[in-house]
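Please look at the sequence and the structure together before reading on. The report below goes through a few selected parts in turn.

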Amino acid sequence: MQRILIVLSMFFTLANSAQDMEIALWDLEIPDSKKHSDYQEEQKFDDGKLSRASKVSEPKIYAFFAKENTSKTAVIIFPGGGYSHLSMSKEGFKVAEWLASEGISAFVVKYRLPDDRIMKDKSVGPLQDAQRAVRLIRHNAEKWNLDSDKIGIMGFSAGGHLAATLSTHYDKKVYLNKIEESARPDFSILAYPVISLTSAITHEGSRRRLLGENPSDNLVTQFSNEFQVSENAPPTFLVHALDDHAVPVENTLNYFNALKENNIPTELHIYNDGGHGFGLAEHLPNNLWPKLLLEWLKTQN
C-alpha cells in the first residue's frame, strides 16, 4: 500500500502541471497472475508516442485531467484490438485528449490481454483490471477533483466488450478486493463493440483469445453481454456502422434491445458508412457522434 500511495501522490501533483501521467493499476501482486520468462510487452511508437501495445503484463492507467472539470465527470477508456493488442493512440490517448479539452477528465487503461501464460483464468483477466480501474479512480475521486457518482467507462471494439462486461459483471467477484468502492460504472459508452460471443455474430478472434478454441455453451453465454443485462446496468450510449464487416452491427442492436427491455436509459446511433475502427471519425461521414455524445452526457447530468 505504501508504494501505491507514493506513486499516487506524485501522480496527482504532476498531473496538475498539465502533464500526462501514468500509474501502476495494481499496487503489489496482480491477482491470479503467473510469470512467464518469454512474455514481454511489445510496443509500437508513432512520433515518439505509444500507439500500440501487446503482451501487457503490467497494466497501467494514463490520466488526462481537464483544466476546468466543472462537472467533475471522469471517463475510463478501454482501447480495442481484438484482445490481441491495444490501439493505445486512436482509441485511447486521442480520445482522452479530446475529452479533456471538453472539460471531462479521462483515464486510458492499458489492460492485460487474455493469455494462459500469465493468467490462471484468462476469461476474467481483463475484467479484473477493469473492475480495479473503476475502484481505484473512484477511491481517489476527491483528490482528483472528481465526483465519485460520475465515473463512466468507454470501450471500442474488443474494449467495448470489456466495457460491456464490466457494465454487466461489475459485482462479480473475480479477485479479492481491498478497496471498498463499487466497480459499477455510472454510465457506459460503447463504440462498435463486440457484445456477443455467440458464433453467429461474434468477432471470432476476440472470442478465441478470451475463451479459447472450444468454450462451453455456459461460458459463451456468460460473456455474451446481451444475455447479462439487468435493471442495474448503467445508462448507455451506443454507436456503430452498418458496413462494419469485422463486428456485425447486430452486436450493438441486440445489446440495445436488452437495455430497452430492462428500462435502461439508452441512446443509439447507427451510421450507414464508417466500417470498423473509426475512432473519433474525424474524416468520415459519422464524425458527428462525438458531439452527440457530449449532448447525451449533459442529459445524464
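Is strand 4 (residues 60–64) mostly covered or mostly uncovered? Strand 4 is mostly covered, since four of its five residues are buried, where buried means under 20% relative accessible area, exposed means over 50%, and partly exposed lies in between (1.4 Å probe, protein chains only). Helices (H or I, at least four residues) and strands (E, at least two) are DSSP runs, numbered from the N terminus.

This is a predicted model, in which local features need pLDDT of at least 70 and side-chain atom pairs count only at pLDDT 80 or more, while totals for chains, interfaces and linings use all residues. Residues are numbered from 1 along each chain as its sequence is written, and side-chain values use heavy atoms, with hydrogens and water left out.

The pLDDT, which is the predictor's confidence in each residue on a scale from 0 to 100, averages 92 over the chain, and 93% of the residues score at least 70. Over residues 1–19, however, pLDDT stays under 50, and for this stretch the model has 25 contacts beyond four places in sequence, a contact being heavy atoms within 4.5 Å.

**Strand 4 and its partners**

Two strands pair if DSSP finds at least two bridges between them. Strand 1 (residues 21–24) runs antiparallel to strand 4 and is joined to it by four bridges, with I23 standing opposite I61 in strand 4. Strand 4 also pairs with strand 6 (residues 105–110), again in the antiparallel sense, over five bridges, and here K60 stands opposite K110 in strand 6.

**Helix 3 and D129**

Helix 3 (residues 125–139) has 15 residues and reaches 21 Å from its first C-alpha to its last, which is close to the 21 Å expected at 1.5 Å a residue; the expected span is 1.5 Å times one less than the number of residues. Because 14 of its 15 residues are buried, helix 3 is largely enclosed by the rest of the structure.

One residue found in helix 3 is D129, which counts as buried because its relative accessibility is 0%. The side chain of D129 makes a polar contact with the side chain of W26 at 2.9 Å. A polar contact is a pair of N or O atoms within 3.5 Å; within protein, one must be able to donate a hydrogen and the other to accept it, and residues adjacent in sequence count only if both atoms are side-chain atoms. Leaving aside neighbours within four places in sequence, D129 is in contact with L25, W26, P59, Y111 and R112.

**Salt bridges**

A salt bridge is a side-chain nitrogen of Lys or Arg within 4 Å of a carboxyl oxygen of Asp or Glu, and by this rule the count comes to nine. The table gives some of them.

| Salt bridge | Closest N and O atoms |
|---|---|
| K55 and E42 | 3.5 Å |
| D116 and K122 | 3.8 Å |
| D186 and R138 | 2.9 Å |

The pair of D186 and R138 links distant parts of the chain, 48 residues apart, with D186 in the loop between helix 4 (158–169) and strand 8 (188–191) and R138 in helix 3. Both D186 and R138 are buried.

K55 forms its salt bridge with E42. K55 lies in the loop between strand 3 (49–54) and strand 4, and E42 lies in strand 2 (residues 42–46), so the pair ties together parts that are 13 residues apart in sequence. K55 is partly exposed, with a relative accessible area of 24%, and E42 is partly exposed as well, with 42%.
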